[in-house]
Amino acid sequence: GGDGLGRLATIGTYAFMFQGFLLLLICCLCALGVSAKYRSTTFYGYLAACYGFMFLVWWQMYFGHQEYLVTGQTSYFLGFPVATAWQMYGTWLCAIPLICIYVFGFDKYIYTEQDDAQFKALLAEKEASSGTS
């Protein structure tokens, strides 16, 4: 409880930056999940767009709340104060672009035809070596 604006006066900037870096970490970890040979400029562009969208939602949440603390007034969106609506609807919505990259880019970034061919060759080699024992 207490004065929210007073509490955030000393730590608000750090909290804002921490969340921004956390969102960046999520995108970096997604990039690490893709083999280096498949990380193209297009792929990094998709991740940058995802980060931009996530950061926009975070920006709206944080500064919407700051505006409320300063003015004491807020608007409502779908039953919630605007900053809370950004959190309720925007946070989960931010995951959808990353999911789309995974789903629609699976054959291009995660498990390509070349990977499949190498895996099948490995299985055939294993089967051939175990069959002669």
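This section describes the fold, overall dimensions, surface and one loop residue of a predicted model.

The chain comprises 5 helices and 2 strands. In sequence order, these elements are arranged as α-α-β-β-α-α-α, with the two strands placed between a pair of helices and a run of three further helices.

The overall dimensions depart from those of a compact globule. For 133 residues, such a globule would be expected to show a radius of gyration near 14 Å, whereas the value computed for the chain is 22 Å. Along the principal axes, the C-alpha atoms occupy a box of roughly 80 × 30 × 30 Å. Among contacts with a separation of 6 or more, 70% are formed by residues 24 or more positions apart.

Burial and surface composition were also evaluated. Buried residues make up 21% of the 133 residues of the chain. The accessible surface amounts to about 9300 Å², and carbon and sulfur atoms contribute 67% of this area. The chain carries 6 positive and 8 negative charges, and the mean positions of the two sets lie 4 Å apart.

At the level of individual residues, Leu78 was examined for its backbone conformation. Leu78 is located in the loop that links strand E1 (76-77) to strand E2 (80-81). Its phi angle is near 50°, a positive value in a residue that is not glycine. Leu78 is classed as exposed because its relative accessibility, 61%, exceeds the cut-off of 50%. The loop between the two strands thus presents a leucine with positive phi and an exposed side of the chain at this position is indicated by the accessibility of Leu78.

Technical notes: Residues are numbered from 1 along each chain as its sequence is written. This is a predicted model: local features need pLDDT of at least 70, side-chain atom pairs count only at pLDDT 80 or more; totals for chains, interfaces and linings use all residues. Side-chain values use heavy atoms; hydrogens and water are left out. Helices (H or I, at least four residues) and strands (E, at least two) are DSSP runs, numbered from the N terminus. The radius of gyration is taken over C-alpha atoms; the globule rule is 2.2 Å times the number of residues to the power 0.38. Buried means under 20% relative accessible area, exposed over 50%, partly exposed in between (1.4 Å probe, protein chains only). Contact means heavy atoms within 4.5 Å. Accessible areas come from the Shrake-Rupley method with a 1.4 Å probe; for residues, only the protein chains shown count as cover. Lys and Arg count as positive and Asp and Glu as negative; His and the chain ends are not counted. The place of a charge is taken as NZ of Lys, CZ of Arg, CG of Asp or CD of Glu.
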